[in-house]
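Trainee: I've got a new structure open and I'd like to talk it through with you. Could we start with how the chains meet and work inwards from there?

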There are 2 protein chains.
Amino acid sequence: MTTSSNPLNNIRIVLVNTSHPGNIGAVARAMKNMCLSQLYLVAPQKFPHDEAVWRAASAADVLDSAVVCETLDEAIADCQLVIGTSARERTVPWPLLDPRNCMQEAYKEAAGGHKIAVVFGREDRGLTNEELQRCNLHVHIPSNPEYSSLNLGMAVQVMAYELRMFQVSGELDGNALADWDQPPANAEALERYLVHLEETLAEIRFLRPEAPKKLMLRLRRLYQRTRLDEMEVNLLRGILTSTQYWVRKAKAAEEGEERGQQGD
Amino acid sequence: MTTSSNPLNNIRIVLVNTSHPGNIGAVARAMKNMCLSQLYLVAPQKFPHDEAVWRAASAADVLDSAVVCETLDEAIADCQLVIGTSARERTVPWPLLDPRNCMQEAYKEAAGGHKIAVVFGREDRGLTNEELQRCNLHVHIPSNPEYSSLNLGMAVQVMAYELRMFQVSGELDGNALADWDQPPANAEALERYLVHLEETLAEIRFLRPEAPKKLMLRLRRLYQRTRLDEMEVNLLRGILTSTQYWVRKAKAAEEGEERGQQGD
């Protein structure tokens with residue numbers, strides 16, 4: 001609690017590619033009702049829009065200060081914890097929490113000064129698999145299996161309500177990551193590491209065109225759920241750099257040998 | 001649980017004197033999403049209405065089976081527990097619970113076979129004092145004191161969500177790894193991986209005698225907390241084996257070159 005007087009100010013709601021401006025307004029109202037204020041809009045289809053203002057009622061200030069981004073990566077770049085809302089089971093399971101457990105984690109980390117994003121997808125089809133794979137955790141509202149699609153504003157209301165309940169409960173028990181010795185890596189640093197990893201795996205020919213396509217996805221899932229800290233990212237990238245040094249040296253020697261043989 | 005296979009069938013949502021038919025539709029959708037089906041409408045201003053059907057989306061069946069009453073007394077007559085939603089403090093204090101505690105009480109009684117009503121007031125001014133005094137308990141969503149008025153659909157969503165959470169709590173145990181696609185690696189497999197990692201880091205000279213002693217400790221902490229699955233351990237060991245192939249090749253070329261130079 002020392003680093004932020006109000007943890008909810010460290011939590012942003014990110015809406016991806018929203019179709020209906022009325023939903024954006026309803027989200028703004030739900031947020032303000034629950035004491036949230038940070039709204040990020042990734043490529044909204046219609047914004048600003050009168051319908052959003054009308055549905056926001058007395059929360060027009062949340063709309064006015066909304067940050068509009070072109071890409072999800074831009075909206076989450078400085079966040080240490082990225083949570084994606086997932087409507088349905090995916091082929092590759094990711095750590096999946098219910099709203100209570102997930103928002104408790106978010107609230108605790110926000111209280112420790114981390115920046116958190118809770119990301120909501122399109123009205124008709126949610127987040128893409130690629131977008132979900134940008135997230136550390138997935139959260140699922142335990143809806144009716146026979147009618148599971150919540151309205152976007154309602155889904156935000158549920159998460160915001162859970163956050164608000166943690167805020168008013170005044171209770172914070174110990175959190176594994178709040179007392180960590182290193183700051184958590186942000187989403188941008190993690191992406192840079194994953195690019196470096198893929199590049200290196202190609203160089204050592206572990207990643208080949210004929211290899212199972214899910215290899216990078218499995219490694220991404222592993223490192224996303226681990227919540228790497230900054231020093232760990234530095235260590236892992238140091239290992240990749242050392243590996244690249246040796247494989248390049250071996251390939252140079254191979255080529256030198258081939259040239260030597262050609263010279264014979 | 002003996003008296004009803006689904007306690008939520010004993011819980012009705014009662015909307016009093018609703019102005020906007022769109023809100024009735026949104027309530028129907030929120031209810032069905034959360035497995036509730038009993039909707040009672042006390043003197044709705046516009047019902048039935050196309051706007052209600054549109055907002056209900058795939059929950060038109062909830063609208064179709066809604067019971068329209070002239071008075072609140074009629075709507076709650078057969079209920080053993082009546083809960084009123086209260087937006088603000090009243091002059092006469094009433095037992096006032098937060099949504100979690102209140103819906104827990106409602107769910108327990110419903111499971112015991114009682115009929116329960118959760119009553120919501122008008123969009124602009126809630127329930128009258130007289131209506132609130134028809135209730136056994138009052139429930140209050142802990143909203144922002146500076147902007148406390150939730151949209152009607154959102155308020156129903158919060159209560160319905162809490163009820164649904166009690167319904168599924170038997171099925172969900174907060175364990176994010178319960179439905180994983182791969183078996184978790186056992187301790188022995190993890191240890192073998194860590195030995196292989198240390199050996200490889202020494203070969204690529206990332207792990208040197210003068211390096212910080214905590215390097216392996218940090219990597220151990222990283223992989224221990226990740227809870228690696230069996231396939232992930234295989235992938236990570238495969239990467240190490242490929243790396244060893246290249247570093248050994250590079251070193252062999254180096255030695256060959258040295259021998260060649262000595263031969264000169």
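Trainee: How many residues of chain B are in contact with chain A, and with how many residues of chain A?

Mentor: Keep in mind that this is a predicted model. The area buried between chain B and chain A comes to about 6,300 Å², and carbon and sulfur atoms give 64% of that area. As for the residue count, 72 residues of chain B are in contact with 74 residues of chain A.

Trainee: Which element gives the most to the side of chain B that touches chain A?

Mentor: Start with the polar side of things: between chain B and chain A there are 36 residue pairs in polar contact, both at pLDDT 80 or more. The elements of chain B that give two or more residues to the side touching chain A are α1 (21-33), α2 (50-56), α5 (99-111), α7, α8, α9 (214-226) and α10. The one that gives the most, with 15 residues, is α10(B).

Trainee: How do the residues on the side of chain B that touches chain A divide into nonpolar, polar and charged?

Mentor: Carbon and sulfur atoms give 64% of the area buried between chain B and chain A. On the side of chain B that touches chain A, the residues divide into 37 nonpolar, 15 polar and 20 charged.

Trainee: Right, on to charges. How many salt bridges are there between chain B and chain A?

Mentor: Side chains of opposite charge can pair when their charged atoms come close. Over all chains, the structure holds 29 salt bridges. One that joins the two chains is Asp229(B) with Arg221(A), at 3.4 Å from N to O. Between chain B and chain A, the count is nine salt bridges.

Trainee: Asp181(B) forms a salt bridge with Arg218(A); why does the pair join two chains?

Mentor: The closest N and O atoms of Asp181(B) and Arg218(A) are 3.2 Å apart. Asp181(B) lies in the loop between α7 (152-168) and α8 (187-203) of chain B, while Arg218(A) sits in helix α9 (residues 214-226) of chain A, so the pair joins two chains.

Trainee: Is Arg218(A) buried or exposed?

Mentor: Its partner, Asp181(B), is partly exposed, with a relative accessible area of 30%. Arg218(A) has 8% relative accessibility, and the cut-off for buried is under 20%. That makes Arg218(A) buried.

Trainee: And which residue meets Arg225(A) in a salt bridge?

Mentor: The N to O distance for this pair is 2.8 Å. The pair crosses between chains, from helix α9 of chain A to helix α10 (residues 230-263) of chain B. Both side-chain partners are buried, and the one that meets Arg225(A) is Glu232(B).

Trainee: What about Arg125(A) and Asp124(A): is Asp124(A) buried or exposed?

Mentor: The side chains of Arg125(A) and Asp124(A) meet in a salt bridge of 3.9 Å, N to O. Arg125(A) counts as partly exposed at 47% relative accessibility. For Asp124(A) the relative accessible area is 61%, and exposed starts over 50%, so Asp124(A) is exposed.

Trainee: Which residues of chain A contact Lys32(B), if I leave aside its neighbours within four places in sequence?

Mentor: Lys32(B) lies in helix α1 of chain B, and it is buried, with a relative accessible area of 18%. Its contacts in chain B include Ser58(B), Ala59(B), Asp61(B) and Val62(B). From chain A, the contacts are Asn144(A) and Tyr147(A).

Trainee: How far is the C-alpha atom of Gln244(B) from that of Leu201(B)?

Mentor: Gln244(B) is found in helix α10 of chain B and counts as buried at 6% relative accessibility. Beyond its neighbours within four places in sequence, Gln244(B) is in contact with His196(B), Glu199(B), Thr200(B) and Glu203(B). Gln244(B) and Leu201(B) are 43 residues apart along the chain, and their C-alpha atoms are separated by 9.4 Å.

Trainee: Last one, on chain A by itself: how many salt bridges are there between domain 1 and domain 2?

Mentor: Chain A is divided into domain 1 (7-169) and domain 2 (187-263), with C-alpha centres 34 Å apart. The contact takes 15 residues from domain 1 and ten residues from domain 2. The area buried between these domains is about 1,200 Å². Between domain 1 and domain 2 of chain A, the count is two salt bridges.

Conventions. Residues are numbered from 1 along each chain as its sequence is written. Chains are lettered from A and ligands numbered from 1 in the order in which they are written. This is a predicted model: local features need pLDDT of at least 70, side-chain atom pairs count only at pLDDT 80 or more; totals for chains, interfaces and linings use all residues. Side-chain values use heavy atoms; hydrogens and water are left out. A salt bridge is a side-chain nitrogen of Lys or Arg within 4 Å of a carboxyl oxygen of Asp or Glu. Buried means under 20% relative accessible area, exposed over 50%, partly exposed in between (1.4 Å probe, protein chains only). Helices (H or I, at least four residues) and strands (E, at least two) are DSSP runs, numbered from the N terminus. Contact means heavy atoms within 4.5 Å. Buried area is the accessible area (1.4 Å probe) that two parts lose on being put together, summed over both. A polar contact is a pair of N or O atoms within 3.5 Å; within protein, one must be able to donate a hydrogen and the other to accept it, and residues adjacent in sequence count only if both atoms are side-chain atoms. Ala, Val, Leu, Ile, Met, Phe, Trp, Tyr, Cys and Pro count as nonpolar, Asp, Glu, Lys and Arg as charged, and the others, Gly among them, as polar. Domain bounds come from an automatic or database domain assignment.
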